[in-house]
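Open the model in your viewer and keep the selection panel at hand. We will go stop by stop, with something to pick at each one.

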Amino acid sequence: MSLGPEASVTDDKSAPDADAAEVRGPAEKAIAGRSLKQIAWRRLKRDKVAVGGAVVVLFLIVVAILAPLLTKLFGHPIDEYHIDQIDQTFGTPIKPFGGISSDFLLGVEPTSGRDVFSRILYGAQTSLTVAFLSAFVSTILGVVFGASAGYLGGWVDSVISRVMDFLLAFPQLLFSIALVSVLPYSFLGMDGRWSRIVVLVGVIGFFGWPYIGRIVRGQTLSLREREFVEAARSMGARSPRILFRELLPNLAAPILVYTTLIIPTNILTEAALSFLGVGIPPPNPSWGGMLSDAVGTYQINPTYMIIPGAMIFITVLAFNLFGDGLRDALDPKAR
Amino acid sequence: MLAYLIRRLINAVITLLVVTLVTFGIFFMVPKITGSDPALLYIGKTADAASIEGIRVKMGLNDPVLVQYGKFLQGLVAGRDYANGPDVTHCPAPCLGYSFKTEQEVTPLLLSDLPVTLSLAIGAAVLWLIMGVSTGVISALRRGSIVDRAVMTGALAGVSLPVYFTGLLSSAIFVYWLGWLPPSNYVPFLESPAEWFVQMLLPWITLAFLFAATYARLTRANMLETLGEDYIRTARAKGLGERTVIGKHALRSGLTPIVTIFGLDLGALLGGAVLTENVFNLRGLGYQALQAIRGNDLPVILGVTLIAAFFIVIANLIVDLVYGVIDPRVRLG
Amino acid sequence: MSRKTRAIAAAGVALALGLTTAACGGSKSDNKSGGSNGGKSAYNAAITDVVNPSTAKGGTLNLWSAQDADFWDPARAYYAFVWDLNRLYTRKLVDYAASPGKSGLELQPDLAQALPEISADKLTYTFKLRSGIKFDDGSPITSKDIKYGIERVWASDVISGGPVYLPTLLDPKGEYKGPYKDTDPNKLGLKSVTTPDDSTITFKLEKPSSDFLYLLAMPGSGPVPQKRDTGAQYTTSPAASGPYMFKPGSIQPGKGATFVRNPNWDQATDPIRKALPDQINFTVTTNAEDMDSRLEAGTIDLDAQQTGVQAAARTKILQDPNLKANADTPTTGFLRYAGLATSVAPLDNIECRKAVIYAADPTSLQAARGGPIAGGDIGTSMLPPNIAGSDTKYDPFNRLQGKPQLEEAKKALAACGKPTGFDVTIAVRNNKPAEVKSAEALQAALKPAGINAKIEQYDGAQQASITGSPDNVKAKGYGIMIAGWGADYPTGAGYMQPLADSRFIPENGNYNLSEIKNPAIDALFDQAQLETDPAKAAEIYNQINHKIMEGAYYLPFVVDKALNYRNPRLTNAYIHQAFGMIDFQALGVSDGK
Amino acid sequence: MSRPFLEVKDLTVRFETDDGIVQAVTESNFSLEAGKTLGIVGESGSGKSVTSLAILGLHRTRSNAKVSGEIWLDDQELVTATNDDVRALRGGKMAMIFQDPLSAMHPYFTVGAQIVEAYRVHHPGVNKKVARERAIDMLARVGIPQPARRFNDYAHQFSGGMRQRAMIAMALVNDPKLLIADEPTTALDVTVQAQILDLIRDLQEEFGSAVIMITHDLGVVAELADDVVVMYGGKIIERGPAVDLFQRPQHPYTWGLLGSMPRLDRDVRDRLTPVKGSPPSLINLPSGCAFHPRCPYAGRNGDRSFTETPVLGGGVHAVACHLPAEERTRLFQEEVAPNL
């Protein structure tokens with residue numbers, strides 16, 4: 001909650017799928033013959049908006065992966081200067097609308113004339129890499145700690161729960177900025193871009209795990225009471241085995257949903273950190289960094305602000321749409 | 001009740017202690033690891049080893065970390081004395097020390113930034129509560145209608161828009177293209193309420209928009225859940241009119257969870273709306289925090305973190321207490 | 001040693017001569033001010049002339065700034081604009097003349113009746129103070145107050161932040177520990193400065209220095225009454241000796257300060273300051289764009305920081321002739337450049353350094369700084385135009401043509417033994433966006449030559465221990481370091497000595513980034529101190545500049561400029577070359593409001 | 001000929017959901033005379049609760065619900081009546097006791113306040129004090145000790161039985177002529193169940209109300225009901241006087257229900273599956289007789305039960321089953337009854 005406004009997304013509650021237990025009962029029984037996976041898949045396919053979101057997400061992933069190729073085909077290298085595209089007096093692109101032309105599909109960067117198209121593509125690479133990996137980190141940590149807390153109970157649960165409460169009640173964005181800014185720019189022989197990605201993944205992933213952990217803990221607690229775990233236990237299965245053999249498959253749905261929903265939050269956080277100047281270091285492009293660059297010239301050259309802003313918006317929206325659809329389809333709250 | 005309150009207060013204090021300890025640890029240990037030296041912040045262009053050492057001694061940087069931390073806590077509780085050249089300056093409690101950069105006492109420095117953050121957070125909160133809750137309720141009541149779809153689409157777009165983009169976009173439009181509003185520059189409320197209002201308008205709307213989107217989704221979900229509750233059916237079965245059913249029974253429980261989230265969000269914001277304040281150049285706690293972080297100004301970073309944590313913890317406390325009042329199950333259960 | 005002593009003695013005379021001319025120059029300039037274009041405002045008029053000359057008093061001058069003063073304590077301030085503002089409330093023994101152009105660089109007696117009496121060995125400077133000089137509380141300013149003020153410079157652990165030059169001349173062995181650790185009951189234990197009576201002060205230098213008077217013109221050499229010195233907290237309520245004082249309680253960190261008239265200042269004792277407005281408001285804003293729009297609207301008078309308007313306002317001003325007529329783009333006295341570390345291979349080889357300089361794209365570097373108007377002219381050498389000895393036509397690497405010279409770069413690489421190029425690290429402060437942009441531009445330009453640069457951002461606040469530490473530079477392999485430099489006092493030594501003299505390489509806080517250890521350059525600096533004739537001294541500085549460029553130690557980016565707008569109602573507006581910005585103390589407001 | 005006090009004709013309720021149309025109640029017909037008790041029996045999802053909600057008109061607030069047919073209460077048609085007219089009857093002439101009173105009572109209002117609210121909405125002129133006295137009086141009458149003090153308590157502070165009593169007090173506060181009790185004893189333990197059922201019977205006698213008792217528990221019906229309706233898959237499959245139905249149950253499903261009547265020696269959990277197999281989907285009802293997938297006798301009669309929907313016969317004791325009447329009698333006597 002305290003990652004500023006950006007983070008509230010994951011706290012959102014799902015709307016009940018059908019509006020009363022009365023109707024949900026038969027509705028669910030109606031399709032009880034199929035596995036949850038099939039049901040979810042069917043529901044998801046029917047949800048046009050979610051499918052749209054998924055298509056955009058896939059498209060962005062492909063674009064990010066193919067960034068080097070696309071740049072070669074339609075753009076210019078990300079660090080190539082085109083000073084001839086820039087009005088030297090004002091530092092802005094000579095051509096209108098941010099210098100958009102057939103040669104520069106999304107215009108050029110003020111001051112340097114670098115190709116915005118290529119930089120957006122590489123920015124997508126960075127953004128998505130950070131978002132996915134940090135979601136992965138959050139999920140791993142969240143599942144391990146959440147499941148341990150919920151399953152083991154006792155002092156383990158109280159310690160982990162306190163830590164989660166503490167992390168959630170913490171000036172997170174401030175701390176992320178501070179942490180990211182004191183960590184070194186290069187280490188382990190990685191260059192600025194990858195070392196920073198590792199740092200961002202670590203910090204964002206770390207602050208994200210309580211969101212997943214809380215949900216996993218809750219689910220584990222309720223699942224623990226269920227018979228099948230009791231049964232497994234009575235048959236002499238040891239704790240870790242119960243945990244992973246029995247609980248994890250049942251946790252898969254909520255974990256999938258919340259991991260999906262934490263990705264857009266991570267994109268926003270990464271962009272925020274880059275915007276505040278502690279993200280991916282130049283000359284490597286990032287959307288937040290481009291927005292921050294645009295601060296100086298946005299009144300006279302709005303294109304350069306709108307393009308990265310719109311990219312962040314579209315990406316986050318697509319992930320949110322898909323995540324919402326996925327949640328409705330799996331409806332982890334209905335269990 | 002009293003025992004509960006005391007327990008909660010002790011918890012709050014422990015949380016704050018942990019926050020200071022963690023912050024302190026990070027900002028004292030990390031520079032040690034990376035080899036940067038806070039004493040050098042004090043030095044101008046001409047640094048010589050002797051005066052750097054002098055500053056280290058003066059700042060107590062040569063003490064063990066725990067001693068430094070102890071002194072910091074002492075300052076918070078009882079105030080602290082600083083050698084100041086000709087004489088000793090007493091920094092009254094709660095003393096957060098002196099800024100490495102400007103040598104200003106941190107406590108009054110941050111207190112003077114607080115009104116800006118308060119103005120921003122409270123104004124935006126009022127706005128987003130009104131916007132978010134009303135649209136969320138309408139959306140829930142007209143579930144599936146065009147209004148509902150429009151609100152939910154707008155809300156989803158809203159949560160996908162970062163303030164650092166909407167902030168720039170809105171000032172580009174309203175300040176530079178349309179010229180309806182002046183470029184933001186905080187004017188204290190007491191100086192000119194009208195100007196204060198005009199200046200804060202854009203930051204409020206920008207910040208509120210994001211939260212309103214979240215709250216609309218939240219409210220709608222809560223309301224839908226509540227409307228499906230048995231006691232709402234009971235209320236209808238008693239023959240109550242829809243207005244009473246919705247306005248009294250459904251809102252009462254549908255909005256109760258919002259109180260929690262609202263309290264926590266507001267608490268978090270009071271510690272500094274880092275992004276909004278920086279986008280709109282508002283010199284509040286969030287702005288100060290970023291400046292301090294960029295300049296490695298540890299006492300200020302510590303101060304802001306502590307204040308931010310303080311607000312969050314207090315908000316938690318208040319929310320719990322308020323919840324006890326509005327939800328009888330908590331109060332007496 | 002004896003040779004040196006004599007040489008400095010001569011330099012002292014030279015300075016004295018220079019100062020005399022300065023006094024004349026000042027008045028001459030005043031006469032001229034109405035001349036060339038009738039004192040009317042025009043684009044860049046304030047660079048050479050006094051715009052709107054007037055003696056009308058009254059009104060309030062509204063200065064805004066996006067940056068708060070670093071310190072109001074004169075001994076701790078280091079920002080150029082704060083030094084400029086400092087002239088409002090701090091008088092020194094000598095101060096810069098109040099006039100545009102070169103004549104502003106000359107020193108005039110201020111608290112002193114006249115320029116000092118310099119002993120035959122040129123090691124002793126004796127000043128006689130004016131009578132009737134008082135602090136804002138009405139107490140007279142004595143020689144002891146001046147000595148005490150100067151002593152505070154020694155207490156750099158408490159009075160940190162400001163320049164520390166005087167101890168190297170007055171206490172090179174570091175025997176004095178500053179007034180706060182002074183055992184003398186009156187805290188006047190500095191032996192090299194004596195005050196035989198309240199109106200006489202004598203300085204005894206360890207070695208002659210032609211720059212000594214410039215050091216006395218720094219804010220930190222102003223008088224401080226010992227009983228009002230609150231050490232580190234003095235910055236919140238400094239005493240005033242000039243025509244203005246801080247309105248009590250008006251200093252608000254991060255918000256601003258208010259200057260009101262000092263009732264105990266007497267115009268008759270002050271030949272430099274005009275003191276026209278009744279009040280001067282210094283307001284800190286967080287929004288530079290808002291400041292620009294207020295400037296254009298005429299509701300505020302001047303950006304006190306004088307670092308140039310933002311991009312949006314720049315466009316507007318340059319496109320609107322009416323606005324442009326009230327704008328100037330003076331050179332600020334700063335150079336932006338990259339130091340090429342001789343301690344980092346392969347830049348220890350001069351040819352490899354040359355390759356970097358040739359491969360760099362002068363235009364993209366200029367664009368990174370903001371272009372020809374907001375950024376500055378393409379830099380060609382290491383001496384900025386406001387300093388005697390500078391030669392803007394000197395362009396050894398043919399940078400003015402504006403294009404990278406790949407052929408030359410490849411030749412140099414071949415000569416260096418690295419025909420296919422090499423890897424190098426560019427170190428850049430993370431808190432200076434324009435420097436980061438410069439680093440990116442440089443990186444991009446070096447690539448075609450095969451020089452693969454990696455950009456490493458570091459915490460700008462820690463500069464002194466990162467690029468300022470030769471050991472660290474070597475360890476981290478920072479071959480190229482982006483930096484900027486402005487003179488603390490306008491002489492070739494004041495500008496270039498920290499950048500090029502091998503004897504100016506401390507463990508921390510080093511600015512000789514290239515670690516130039518060239519005996520010829522060191523010798524020339526010494527020789528300049530001996531030179532009697534300013535023109536000849538300038539010629540020596542010119543030679544040093546040539547030597548630096550021939551050694552390819554630095555890659556100059558731009559000669560810094562700033563596009564600033566001034567409210568048309570301002571009177572007596574002119575750019576003061578010592579600060580590279582409008583001389584605030586001279587300003588008045590024509591409408592008296 | 002005057003109508004019965006309550007007459008339900010061809011009542012059909014369907015919900016449109018994302019997963020398809022839920023056919024919750026199909027063409028139900030039954031009636032109830034004043035002062036009498038009707039038991040509606042069936043598993044969860046059989047349509048019994050939906051039927052009762054339809055009588056109260058509570059599907060009206062749900063946009064995806066479609067109700068057709070006729071419901072006559074005291075000579076007033078309710079399906080086509082205006083919202084306001086139905087609302088005026090709700091809680092007044094007809095009232096409902098819900099199952100699980102903890103969730104059916106508002107957690108944030110005191111029990112007393114909720115009763116007062118119910119009273120005042122149908123007695124607009126009455127001041128708070130009078131309403132309060134009435135509420136306390138009602139609490140006393142349903143057997144809540146110290147009613148004046150409990151008036152200010154919240155639902156969660158009551159025990160399960162007391163809570164259900166309070167719920168009943170709230171339903172009866174306006175002297176309803178029709179009282180619908182939806183599984184009033186499900187959430188309670190056996191001894192309390194008996195008390196509550198006694199209470200309802202006593203109060204029915206006192207107020208002279210008609211009662212619809214909805215339950216999956218034939219034991220409850222046996223104790224209270226004059227007539228019984230058995231529902232399965234949204235349809236009435238058997239209907240008749242209680243005595244008759246218990247002595248000569250006609251439908252194989254009813255036999256199953258009888259077989260699962262709660263007894264103290266049986267595990268409580270068994271109640272939930274009175275008949276082997278799971279209840280049918282209301283979206284895709286099995287073709288023909290909805291019960292055929294679970295009916296041990298399906299197929300004995302050719303393939304009719306797979307293709308043809310049995311029609312509820314006429315008469316006092318009606319049944320919807322393809323098995324011939326004699327066959328059913330024989331089966332019940334030979335195969336089912338000995339095991340009961």
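Begin in chain C by selecting the strands β14, β18, β13, β17, β15 and β16: in that order they form an open sheet of 6 strands, with mixed pairing. Strands here are DSSP runs of E of at least two residues, while helices are runs of H or I of at least four residues, and both are numbered from the N terminus. Two strands count as paired if DSSP finds at least two bridges between them. Now colour β14 (376–378) and β16 (452–458) of chain C: these strands stand at the edges with a single partner strand each, so one side of each is left without a neighbour in the sheet. From one strand to the next, the twist averages 25 degrees.

Before moving on, a word about the model itself: it is predicted, local features need pLDDT of at least 70, side-chain atom pairs count only at pLDDT 80 or more, and totals for chains, interfaces and linings use all residues. Residues are numbered from 1 along each chain as its sequence is written, and chains are lettered from A and ligands numbered from 1 in the order in which they are written.

Stay with this sheet and select β13 (residues 331–340) and β17 (residues 478–486) of chain C, an antiparallel pair joined by 7 bridges. Which residue of β17(C) stands opposite Leu335(C)? Show side chains and you will find Trp485(C) there.

Next, zoom out to the domains of chain C. The bounds, which come from an automatic or database domain assignment, are 67–279 for domain 1 and 331–561 for domain 2. The C-alpha centres of domain 1 and domain 2 of chain C are 33 Å apart. Where they touch, domain 1 of chain C contributes 9 residues and domain 2 of chain C contributes 8 residues; residues are in contact if their C-beta atoms, placed from the backbone, lie within 7 Å. On the domain 1 side of this contact in chain C there are 6 nonpolar, 2 polar and 1 charged residues. In this scheme Ala, Val, Leu, Ile, Met, Phe, Trp, Tyr, Cys and Pro are nonpolar, Asp, Glu, Lys and Arg are charged, and the others, Gly among them, are polar.

Now for helix pairs. Select α18 (residues 519–530) and α19 (residues 534–550) of chain C, whose axes come within 9 Å and cross at roughly 165 degrees. That makes α18(C) roughly antiparallel to α19(C). The axes are lines fitted to C-alpha atoms, for helices over the stretch in contact, and angles run from 0 to 180 degrees between N-to-C directions. Angles under 35 degrees count as roughly parallel, over 145 as roughly antiparallel, 65 to 115 as roughly perpendicular and the rest as oblique. The crossing of α18(C) and α19(C) is left-handed, a label used if the near helix is turned anticlockwise from the far one by less than a right angle, with clockwise giving right-handed. Among the residues to display are Leu524(C) and Phe525(C) from α18(C), and Ile540(C) and Tyr541(C) from α19(C). The contact of α18(C) with α19(C) has 10 nonpolar, 2 polar and 1 charged residues.

For another pair in chain C, pick α11 (residues 362–369) and α14 (residues 433–446): their axes come within 8 Å and cross at roughly 160 degrees. Is the crossing of α11(C) and α14(C) left-handed or right-handed? Look down on the pair: the crossing is right-handed. The residues that meet include Leu365(C) and Ala368(C) in α11(C), with Ala441(C) and Leu442(C) in α14(C).

Switch to chain A and select α3 (residues 48–65) and α13 (residues 303–330), where the axes come within 7 Å and cross at roughly 135 degrees. That makes α3(A) oblique to α13(A). The crossing of α3(A) and α13(A) is left-handed. Gly52(A) and Gly53(A) of α3(A) take part, as do Phe319(A) and Phe322(A) of α13(A), among others. The contact of α3(A) with α13(A) divides into 12 nonpolar, 4 polar and 1 charged residues.

Finish in chain D with β1 (residues 6–17) and β2 (residues 20–32), which run antiparallel and share 9 bridges. A hairpin of 2 residues links β1(D) to β2(D), and Glu7(D) stands opposite Ser31(D). Add β4 (residues 65–73) of chain D, which pairs with β1(D) in the antiparallel sense over 8 bridges. Arg14(D) stands opposite Lys66(D) of β4(D).

Key:
Contact = placed C-beta atoms within 7 Å.
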